[in-house]
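Here is a small set of exercises on reading a protein structure. Try each task by yourself, then follow the solution step by step.

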Amino acid sequence: MTTIIILNGISSVGKSSAAKELQKITQAPFLHVRGDSFLEMLPPQMYGHEDGITLNRLDESVDAAIEIHMGSAVRRLLMGFRCSVATLAAQGNNLIVDDVMLDATDQNVYEKILRPFAFYFVGLHAPLATLQQRERNRKNRIAGLAKWQQKRLHEGIKYDLELQTSKMDAADIAKKIASVFKI
């Protein structure tokens, strides 16, 4: 049976690293489907556009949270991303999905479209200080995004497994996921 592991977590929590390690150890091959790959499809003019992605610094402090707003074009893109997960699975592909579900509505979409498959939600967590340090260390991260996401990202989402990425490295996270879901 086709299996889908959905990794949900704040930017810089370690979803991609865990997914890559998981691919190395699963019994059957698993594709790594990254939500970021879909966001990279947006044309540059959609950044800062009301139908695309706009960012808003919530105050003037050095460590201010950065609020993200996704307009209609981005919402359509993300729905296409999630529907593509179901399409890939329908062809018999096992998947590790790397997503940032902002609320339970996103989880409900997955639950509806993935009904024919075995799918599991894995919540990845880390303390805000750890996430902020990772944002600073990575050149491709927006400082302040983790702070905004932390207050809302996991709210209302039900997980089959939750892990602290600050206490385990990516290889250990992968081993735990593979063990729990027997993949």
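The exercises below go from the core to the pockets and then to the salt bridges.

Before you start: this is a predicted model, in which local features need pLDDT of at least 70 and side-chain atom pairs count only at pLDDT 80 or more, while totals for chains, interfaces and linings use all residues. Residues are numbered from 1 along each chain as its sequence is written, and side-chain values use heavy atoms, with hydrogens and water left out.

**Exercise 1. The core**

Find the largest nonpolar core and the helix that gives the most to it.

Step 1: Recall the term. A nonpolar core is a set of buried Ala, Val, Leu, Ile, Met, Phe, Trp, Tyr and Cys residues joined through side-chain atoms within 4.5 Å. Buried means under 20% relative accessible area, exposed means over 50%, and partly exposed lies in between (1.4 Å probe, protein chains only).

Step 2: Look at the members. The largest core holds 52 residues, and I4, I5, L7, V85, Y110 and I177 have the most contacts inside it.

Step 3: Look for the helix. Helix α3 (residues 72-90) gives the most to this core, with 8 residues. Helices (H or I, at least four residues) and strands (E, at least two) are DSSP runs, numbered from the N terminus.

Step 4: Zoom in on L7. Leaving aside neighbours within four places in sequence, its contacts (heavy atoms within 4.5 Å) include K15, I96, V122 and I177.

**Exercise 2. Two pockets**

Describe the largest pocket and the second largest pocket by volume and lining.

Step 1: Define the search. On a 1 Å grid over the protein atoms alone, a pocket is an open set of points where a 1.4 Å probe fits, with protein on both sides within 12 Å along at least five of seven lines; lining residues have an atom within 4 Å of a point. Grid points are joined across faces, edges and corners, and a volume is the space filled by probe spheres set on the points.

Step 2: Take the largest pocket. Its volume is about 780 Å³. There are 32 lining residues, and S11, D36, L39, R141 and L145 lie nearest the centre.

Step 3: Sort that lining by class. It has 14 nonpolar, 8 polar and 10 charged residues. Here Ala, Val, Leu, Ile, Met, Phe, Trp, Tyr, Cys and Pro count as nonpolar, Asp, Glu, Lys and Arg as charged, and the others, Gly among them, as polar.

Step 4: Take the second largest pocket. It has about 310 Å³ of space and 14 lining residues, with M70, R75, L78, R82 and D106 nearest its centre. Helix α3 gives the most to this lining, with 4 residues.

**Exercise 3. Salt bridges**

How many salt bridges are there, and which residue does D106 pair with?

Step 1: Apply the rule. A salt bridge is a side-chain nitrogen of Lys or Arg within 4 Å of a carboxyl oxygen of Asp or Glu. The count comes to 5.

Step 2: Study the D106 pair. The side chains of D106 and R82 meet at 3.3 Å, N to O. D106 lies in helix α4 and R82 in helix α3, so the pair ties together parts that are 24 residues apart in sequence.

Step 3: Check burial. D106 is buried at 16% relative accessibility, and R82 is buried at 5%.

Step 4: Try another pair. E21 and K24 form a salt bridge at 3.1 Å, N to O, and both lie in helix α1, 3 residues apart. E21 is partly exposed at 23%, whereas K24 is exposed at 61%.
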